[in-house]
Amino acid sequence: MKCADLITMFLAEYVDGTLPPETLADFEHHLDVCASCVAYLNTYRETIAMAAAAGTAPRLDVQDVPEELVRAILDVRPR
Amino acid sequence: MDAVQQRQEASLVALLRSGDPGAFETLVRLYMPMMLRVARRFMRSEEDARDAVQDAFVSAFRSIGRFESSARLSTWLHRIVVNACLMRLRTQRRHPEEDIEEYLPRFGEDGHQVQRSEMWTETAESILERTELTGIVRNAIDQLPDTYREVLLLRDIEELSTDEAAATLGVTANAVKIRLHRARQALRTLLDPYMRPVTS
């Protein structure tokens with residue numbers, strides 16, 4: 001298995017835990033001998049974690065309901 | 001949701017269906033925080049997020065008659081605001097799909113990466129304790145082409161399943177998987193310069 005195949009074709013399934021056994025063996029053998037792909041895999045996982053965490057950042061929280069938005073919504077309520 | 005909450009929600013739904021004005025205001029005040037938080041994840045400006053929330057409530061008011069009592073209001077409204085955001089994003093379509101190629105890893109004829117990957121110096125957890133890097137991650141997500149950004153938002157941030165995301169976007173589950181992988185790869189490329197060890 002080459003780096004291009006690992007990263008492009010099999011990485012997503014590996015992270016999901018859905019690689020077929022034969023392909024999994026080849027994938028893991030490649031990781032045993034390729035530090036660059038190990039780094040790519042780890043940083044890919046970190047990317048997913050960072051995206052998820054950024055989606056829950058405190059600055060997205062709503063501290064107070066914006067009153068002007070409440071009024072605007074109620075004003076356009078279909079009657 | 002416990003039995004008391006279920007009864008309260010059923011009562012609110014009944015009042016909404018009867019057109020009770022107070023019930024609409026209650027609905028808006030109760031669920032706006034959740035919906036605005038979701039819209040802020042999808043939209044690129046506060047103004048656009050508020051507009052999407054307004055669209056969502058209008059849609060909800062119009063379709064309350066079709067709300068199934070067996071479902072939860074919060075789940076139903078979450079779906080409505082996600083759809084409202086996606087519709088707004090489509091009218092603002094900025095980055096063509098082809099732009100993602102520049103963010104994907106490149107390989108030589110021997111199949112190796114053109115630029116070797118390196119481990120990042122800190123973990124995601126420690127990095128995101130620093131507010132400025134949360135902003136960097138958000139800006140990087142915003143740079144993604146829209147069709148890929150939407151999938152990333154739905155799967156990795158809103159935590160929809162592949163099938164739910166496919167149904168929301170009107171594409172196949174396979175298309176969602178391919179787009180998500182490319183979106184993640186592109187996001188990794190955008191974050192890598194901030195996270196790699198600094199070499200002198």
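**Pockets and nonpolar cores of the predicted model**

Twenty residues line the largest pocket, and those nearest its centre are Ala12(A), Glu13(A), Lys177(B), Ile178(B) and His181(B). Two elements each contribute two or more residues to this lining: helix H1 (3–16) of chain A and helix H9 (173–195) of chain B. The greatest contribution is that of H9(B), which supplies eight residues. The structure described here is a predicted model, and the pocket volumes given below are computed from it. For the largest pocket, the space comes to about 440 Å³. Its lining is mixed in character, with eight nonpolar, six polar and six charged residues.

A second pocket invites a look as well. The second largest pocket holds about 260 Å³ of space. Its lining consists of 16 residues, with Leu104(B), Pro105(B), Arg106(B), Gln115(B) and Thr189(B) closest to the centre. Here too H9(B) provides the largest share, in this case four residues. Sorted by class, the lining of the second largest pocket contains six nonpolar, four polar and six charged residues. Helix H9(B) is thus the leading contributor to the largest pocket and also to the second largest pocket.

Attention can now turn from the pockets to the buried nonpolar residues. The largest nonpolar core comprises 70 residues, and the members with the most contacts inside it are Leu27(B), Met32(B), Met35(B), Phe42(B), Val53(B), Phe57(B) and Leu191(B). Helix H2 (residues 21–42) of chain B is the main contributor to this core, giving twelve residues. For Phe57(B), the contacts beyond its neighbours within four places in sequence are with Leu27(B), Val28(B), Tyr31(B), Met32(B) and Met35(B), together with Ile73(A) from chain A. A second core, separate from the largest, has 16 residues, among them Cys3(A), Leu31(A), Tyr44(A) and Ile48(A).

Chain A itself can be described briefly. Its secondary structure consists of four helices and zero strands, so that, by the DSSP assignment of helices and strands, the order from the N terminus reads α-α-α-α. Of the 79 residues in chain A, 46% are buried. Among the contacts in chain A with a separation of 6 or more, 55% join residues 24 or more positions apart. The accessible surface of chain A amounts to about 4000 Å², and carbon and sulfur atoms account for 53% of that area.

Definitions and conventions. Residues numbered from 1 in each chain as written. Chains lettered and ligands numbered in written order. Predicted model: local features only at pLDDT ≥ 70, side-chain atom pairs only at ≥ 80, totals over all residues. Heavy atoms only, no water. Buried < 20%, exposed > 50% of the residue type's maximum accessible area, 1.4 Å probe, protein only. Contact = heavy atoms within 4.5 Å. Areas by Shrake-Rupley, 256 points an atom, 1.4 Å probe, with all protein chains shown as cover. 1 Å grid on protein atoms, 1.4 Å probe; cavity = no way out; pocket = protein on both sides within 12 Å on 5 of 7 lines; lining within 4 Å. Points joined across faces, edges and corners; volume = space filled by probe spheres on them. Nonpolar A, V, L, I, M, F, W, Y, C, P; charged D, E, K, R; others polar. Core = buried A, V, L, I, M, F, W, Y, C linked by side-chain atoms within 4.5 Å.
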